[in-house]
Amino acid sequence: MRVQRLVMPDESGSWTVLDDRGEVIAPVEAFLAHLQALNRSPETVRTYATSLKLWWEFLGGVGCGYDAATVDHVARFVAWLRAPAENVTVLEGGSARCSPATVNRHLAALFSFYDYQARNGVPLAQQLVAWRRSNRGGFRPFLHHATGGRAVAARPLRVRQPGRVPRTLTDEQLLAIVEACEHLRDRFLVFLLAETGMRVGQALGLRHADFVSHRRELHIVPRADNANGARAKTLAPATIPVSAGIVRLYTAYMFEEYGDCESDYVFVNLFAEPHGAPLRYQAVHKLVYRLRARSGIDFTLHMLRHTRATSLLRGGVDIEVVARLLGHRSSTTTSQTYAHLGTGDLRAQLIRSGAWSGGEQR
């Protein structure tokens, strides 16, 4: 079995799963086509395809069809994902083949697939949907009054995973990465991501009309028709402030490198073919590899986002403001992701807020 990349009639990319004979697995293909119709990003479709390929491999090993599987098979699938080899059980604290976070990601794809299949009367789908909507305790859940007693969707099975601290960069490391950039375009991209905390897909989808220099504003607009496949990962447009330094970099980039290039996109191919085409994810990944080699720093562009959020919170910026800058729908997401701030950070915030005074500060 393998996950196979596809090129759609409109030249956009997608993914499917092929069986051992190289044939498309119809139920998986129908679900992935459903995701495509919902305008999910190609990377999301690829992730779901990978998870379902593993599910089909597991079912093949136990001799069970996807429409005859039971909840017990889901539990055994979790053990199969974690076992490093056949007939091996992972004990608490042991080394598993898949981390808890990876297992939960595969389960999320599996539950989404069976939510879709529930409409077709698949038994496991109906069991999972019922399981998701059952209240296992005798007490009334939080916000019971707000939901009128209606069931609220919840993950039916989840592997406990330890909290992960987002990796961040120091000021010295950021400077080294910027200095490793050969071109002004690349330096502008790194600076933009580091200052705003934008996702790389949001940056690659930027049009010149989105950059309002005289107001020092940047518009993040979700578009499904980006020629480079860039995705903003947000449903609603947003406007964020940028500094005068970012405006100066943008202006210098336009005059010194962009020149007469005719494109609506801010980030384009200037030093490789096809010249003038919007920059793609693959080109940015190659840039990161080059910057790692030159700077000696192992980093990802998403670490720039984590670094910015952590810096703002440590500087005393309200979490609601940080959530809006990052494009989070709720500040709860922000607080859960960046709950790694240490005791020193908490102490500094208490002092700034005036909660501590006099001898308590020492």
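Begin by selecting Phe-77 and Trp-80 in this predicted model: both residues belong to helix 3, where they sit three residues apart, about one turn of the helix. Colour the pair by accessibility, and Phe-77 comes out as buried, with a relative accessibility of 0%, whereas Trp-80, at a relative accessible area of 24%, is partly exposed. Now display the two rings, whose centres are 5.9 Å apart and whose planes meet at 20°; because planes under 30 degrees apart count as stacked, the pair of Phe-77 and Trp-80 is a stacked one.

Keep Phe-77 on screen and add Phe-58, a residue that is buried as well, with a relative accessible area of 4%. How many aromatic pairs does the ring-centre rule give? The count comes to 20 aromatic pairs, and one to look at here is that of Phe-58 with Phe-77, in which the ring centres lie 5.6 Å apart and the planes stand at 55°, so this pair is tilted. Show the backbone too: Phe-58 is in helix 2 (residues 42-62) and Phe-77 in helix 3 (residues 71-82), so their contact ties together parts that are 19 residues apart in sequence.

Finally, widen the selection to the cluster linked by ring pairs, which takes in Phe-58, Phe-77 and Trp-80 together with Phe-31, Tyr-48, Trp-55, Trp-56, Tyr-66, Phe-113, Tyr-114 and Tyr-116.

Terms used
Residues are numbered from 1 along each chain as its sequence is written. This is a predicted model: local features need pLDDT of at least 70, side-chain atom pairs count only at pLDDT 80 or more; totals for chains, interfaces and linings use all residues. Side-chain values use heavy atoms; hydrogens and water are left out. Rings of Phe, Tyr and Trp (its six-membered ring) pair if their centres lie within 6.5 Å; planes under 30 degrees apart count as stacked, over 60 as edge-to-face and the rest as tilted. Helices (H or I, at least four residues) and strands (E, at least two) are DSSP runs, numbered from the N terminus. Buried means under 20% relative accessible area, exposed over 50%, partly exposed in between (1.4 Å probe, protein chains only).
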